[in-house]
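Biologist: I would love to walk through this structure with you, one question at a time. Shall we look at it together?

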Amino acid sequence: MDMQHNARDAGAVELGDPWYDTVASGWGEDDTGGGSRRARPPAAADVYTEVHGSAAFQEVRRRYRRFVFPATTVFFLWYLAYVVAATTAPDLMGRPVVGALNVAMLAGLAQFATTFLLTWAYARHARLRRDRVALELRWVTQEMMRGHGR
């Protein structure tokens, strides 16, 4: 049996498919109490295209970009300044600060600290500014895939 994945057939699930689980998916369950089955859910491509065009999805993407692009730029410039200073100003980078600790070692440790700080800031931003809306979008998408929303 040749099983190739085709994006156009993503919404087509056969009842004989071994990956199909009626209990987990909710498909085929009777909502009306009668013997009739639900209408077939829409194709995944249609659902995701509709969600992609929604204002909520665009807002999540805008919030993501407003944090990630400036943060990435600042971090990259900070890293580039460290590398340029290490190669063009060895006297400055080799200047002792405290004991055997010099400017280059402090700047290198600051790179690690900046990485952890940026990771914390990203996680906090995601939690406070994007996660709730993204989870709501996920719920809406799943409901649409089951054929309930629109």
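Biologist: Let's start with one ring: is Tyr 122 buried, partly exposed or exposed?

Modeller: Happy to help, and please keep in mind that this is a predicted model. The relative accessibility of Tyr 122 is 34%. Buried would need a value under 20% and exposed one over 50%, so Tyr 122 at 34% counts as partly exposed.

Biologist: Which residue forms an aromatic pair with Tyr 122, and what kind of pair is it?

Modeller: The structure holds 1 aromatic pair. Its ring centres are 6.0 Å apart, with 50° between the planes. Planes under 30 degrees apart would be stacked and those over 60 edge-to-face, so this pair falls into the remaining class. The partner is Phe 67, and the pair is tilted.

Biologist: How many residues apart are the two members of that pair?

Modeller: Phe 67 sits in helix α3, while Tyr 122 belongs to helix α5. The pair therefore links distant parts of the chain. Along the sequence, the two are 55 residues apart.

Biologist: And Phe 67, is that residue buried or exposed?

Modeller: Here the relative accessibility is 18%. The limit for buried is under 20%, so Phe 67 counts as buried.

Biologist: Let's step back for a moment. What pattern does the chain follow along the sequence?

Modeller: There are 5 helices and 2 strands in the chain. Reading along the sequence, you meet them in the order α-α-α-α-β-β-α.

Biologist: What is the mean pLDDT of the chain?

Modeller: pLDDT tells us the predictor's confidence in each residue. In this chain, 71% of the residues reach 70 or more. Over residues 1-10, though, the value is below 50, and this stretch has 1 contact beyond near neighbours in sequence. For the chain, the mean pLDDT is 79.

Biologist: What share of the chain's residues is buried?

Modeller: The chain has 150 residues. It exposes about 11,400 Å², of which carbon and sulfur atoms supply 62%. Buried residues make up 17% of the chain.

Biologist: Which residues of helix α2 are buried, and why do they lie on the same side?

Modeller: Helix α2 covers residues 44-52. An α-helix has 3.6 residues a turn, so residues three or four places apart point the same way. The buried residues here cover an arc of only 65° around the axis, which puts them on the same side of α2. They are Ala 44, Val 47 and Val 51.

Biologist: Which helices do those buried residues pack against?

Modeller: Let's take one example from the other side, Thr 141 in helix α5. Leaving out residues up to four places away in sequence, Thr 141 touches Val 47, Tyr 48 and Val 51. Taken together, the buried residues of α2 pack against α3 (55-88) and α5 (103-145).

Biologist: Which backbone oxygen does the side chain of Thr 141 reach?

Modeller: Thr 141 is buried, with a relative accessible area of 6%. Its side chain has a backbone oxygen at 2.7 Å. That oxygen belongs to Leu 137.

Biologist: Thr 73 is another threonine in a helix, α3. Which residue's backbone oxygen lies 2.8 Å from a polar atom of its side chain?

Modeller: Thr 73 has a relative accessibility of 43% and so counts as partly exposed. The backbone oxygen lying 2.8 Å from its side chain is that of Phe 69.

Biologist: Is Arg 130 buried or exposed, and which residues does it touch?

Modeller: Arg 130 lies in helix α5. At 7% relative accessibility, it counts as buried. Beyond four places in sequence, Arg 130 touches Val 60, Arg 63, Tyr 64, Tyr 122 and His 125.

Biologist: How far apart in space are Arg 130 and Glu 59?

Modeller: In sequence, Arg 130 and Glu 59 are 71 residues apart. From C-alpha to C-alpha, their separation in space is 8.7 Å.

Biologist: One last residue, Asn 102 in strand β2. Which backbone nitrogens lie 3.3 Å and 2.8 Å from a polar atom of its side chain?

Modeller: Asn 102 is buried, with a relative accessible area of 18%. Beyond four places in sequence, its contacts are Met 93, Gly 94, Arg 95, Pro 96 and Val 97. The nitrogen at 3.3 Å is that of Ala 104, and the one at 2.8 Å is that of Met 105.

Notes: Residues numbered from 1 in each chain as written. Predicted model: local features only at pLDDT ≥ 70, side-chain atom pairs only at ≥ 80, totals over all residues. Heavy atoms only, no water. pLDDT = per-residue confidence, 0-100. Contact = heavy atoms within 4.5 Å. Helix = DSSP H or I, 4+ residues; strand = E, 2+ residues; numbered from the N terminus. Buried < 20%, exposed > 50% of the residue type's maximum accessible area, 1.4 Å probe, protein only. Areas by Shrake-Rupley, 256 points an atom, 1.4 Å probe, with all protein chains shown as cover. Polar contact = N/O pair within 3.5 Å; in protein donor to acceptor, adjacent residues only side chain to side chain. Arc of directions from axis to C-beta. Phe/Tyr/Trp six-rings, centres within 6.5 Å; stacked < 30°, edge-to-face > 60°.
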